[in-house]
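Thanks for making the time this morning. I would like to walk through a few helix packings and a few individual residues, and I will try to keep to what can be read from the coordinates.

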Amino acid sequence: MKLLVDSGSTKADWISIDDTGKVLFTSQTLGLNPEVLNEQEIISRLNDRFDISLNKDKVSHLFFYGAGCGTDRMKNFLTKVFQEYFKNASVLVHEDTYAAVYATTPKNEKAIVCILGTGSNCSYYDGTILHQKVQSLGYIAMDDCSGNQFGRKLLRGYYFNKMPKKLAEDFEKAYDLDADVIKHNLYKVPNPNAYLATFAKFLIQHKKTEFCQKIIFADMEDFVENYIKQYDNCYEVPINFIGSIAFYLKEELQIVFDKHGLKLGNVLRRPIDGLIDFHLLNK
């Protein structure tokens with residue numbers, strides 16, 4: 001039994017397959033970002049899913065693609081946790097960008113591959129190797145155009161009284177905006193980045209308003225300038241995206257790309273299904 005996992009900070013999609021590619025079960029846990037979770041929290045999230053815990057000794061291979069796995073330290077930490085939990089499995093941990101590459105980019109083709117979900121990332125794939133010009137410092141310092149960044153800007157706009165009155169009223173109806181509740185989730189609860197990203201749904205639902213458009217386009221411009229334009233060939237290759245932010249704001253991405261003369265490639269909400277085909281072809 002093989003387990004394929006695509007994990008962001010908010011949630012992780014799991015698919016179990018046999019050697020023929022037949023799906024044995026699918027599951028979903030909360031996100032397993034090692035940058036913001038300790039070993040106990042990771043194990044607890046695995047144990048919360050009966051289908052995963054029940055089959056843990058049957059797993060022969062675990063292929064994990066996750067947010068927060070961009071450094072050797074985090075990869076080694078998570079590999080150790082998984083090897084102790086899935087005792088009979090060979091474990092391979094990659095950063096989540098590899099899942100995005102394998103899902104969006106045909107074999108041997110070149111592309112810039114981006115993630116816009118709870119967090120954000122951007123890499124260049126030369127057909128064989130992944131190259132990254134910017135190492136992420138996490139959601140506090142970076143993550144342009146991500147769900148958590150949008151959530152942060154919505155909260156700031158609301159609390160600094162910059163949000164238009166009608167929009168603010170709708171915002172109050174959609175969320176508990178009590179300051180103590182917000183601070184508790186930001187400073188006392190695991191995954192504050194995922195909490196911030198929950199507010200991005202409101203931005204997408206109200207993306208035609210002037211206030212939300214300003215936030216969306218400003219961050220997209222930052223993402224192009226700070227991430228995509230790091231690569232000298234950004235005007236020559238397609239730029240593919242994975243993630244709910246990119247998926248639901250594809251129209252806005254196209255507008256910004258047209259302005260900069262960039263080529264928008266494949267845009268997918270999640271890569272997990274594409275990983276099955278990849279692992280069948282490369283077993």
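Before the first pair of helices, one definition: a crossing is called right-handed if the near helix is turned clockwise from the far one by less than a right angle, and left-handed if it is turned anticlockwise. Please also keep in mind that what you see is a predicted model.

With that convention, let me begin with helix α5, residues 147-159, and helix α10, residues 210-226, which pack at an angle of about 140° with their axes 11 Å apart. Angles over 145 degrees would count as roughly antiparallel, and so α5 is classed as oblique to α10. The crossing of α5 past α10 is right-handed in the sense just given. On the α5 side the contact is made by Gln149, Phe150, Lys153, Leu154 and Gly157, and on the α10 side by Phe211, Ile215, Ile216 and Asp219. Sorted by class, that contact holds five nonpolar, two polar and two charged residues.

Staying with α10, we can turn to its packing with helix α12, residues 250-260, where the axes come within 10 Å and cross at roughly 50°. The pair α10 and α12 is therefore oblique as well, and α10 again passes its partner α12 in a right-handed crossing. From α10 the contact takes in Gln213, Ile216, Phe217, Met220, Glu221, Val224 and Glu225, while α12 contributes Glu252, Leu253, Ile255, Val256, Phe257, Lys259 and His260. Here the division is eight nonpolar, two polar and four charged residues. You may have noticed Ile216, which is listed in the contact with α5 and also in the contact with α12.

The third pair is helix α1, residues 39-47, with helix α3, residues 72-85, at an angle of about 45° and with the axes 11 Å apart. That angle makes α1 oblique to α3, and their crossing is right-handed. The residues that meet are Glu39, Ile42, Ile43, Leu46 and Asn47 from α1, and Phe77, Leu78, Val81, Phe82, Glu84 and Tyr85 from α3. Eight of these residues are nonpolar, one is polar and two are charged.

Now to strand β3, residues 23-30, in which Ser27 is found. Is Ser27 buried or exposed? With a relative accessible area of 8%, Ser27 is buried, and its side chain is joined to that of Asp51 by a polar contact of 3.1 Å. Leaving out residues up to four places away in sequence, Ser27 touches Ala12, Asp13, Trp14, Arg49, Asp51 and Ile52. Leu30 also has its place in strand β3, and, with neighbours within four places set aside, Leu30 is in contact with Thr10, Lys11, Ala12 and Arg45. The C-alpha atoms of Leu30 and Ala194 are separated by 9.8 Å, although these residues are 164 apart along the chain.

Finally, a word on backbone angles, where most residues other than glycine have a negative phi. Cys145, in the loop between β8 and α5, has a positive phi, near 65°, and Cys145 is buried with a relative accessible area of 1%. Asn191, in the loop between α7 and α8, has a positive phi too, near 60°, and Asn191 is likewise buried, with a relative accessible area of 5%.

Definitions and conventions:
Residues are numbered from 1 along each chain as its sequence is written. This is a predicted model: local features need pLDDT of at least 70, side-chain atom pairs count only at pLDDT 80 or more; totals for chains, interfaces and linings use all residues. Side-chain values use heavy atoms; hydrogens and water are left out. Axes are lines fitted to C-alpha atoms, for helices over the stretch in contact, and angles run from 0 to 180 degrees between N-to-C directions. Helices (H or I, at least four residues) and strands (E, at least two) are DSSP runs, numbered from the N terminus. Angles under 35 degrees count as roughly parallel, over 145 as roughly antiparallel, 65 to 115 as roughly perpendicular and the rest as oblique. Contact means heavy atoms within 4.5 Å. Ala, Val, Leu, Ile, Met, Phe, Trp, Tyr, Cys and Pro count as nonpolar, Asp, Glu, Lys and Arg as charged, and the others, Gly among them, as polar. Buried means under 20% relative accessible area, exposed over 50%, partly exposed in between (1.4 Å probe, protein chains only). A polar contact is a pair of N or O atoms within 3.5 Å; within protein, one must be able to donate a hydrogen and the other to accept it, and residues adjacent in sequence count only if both atoms are side-chain atoms.
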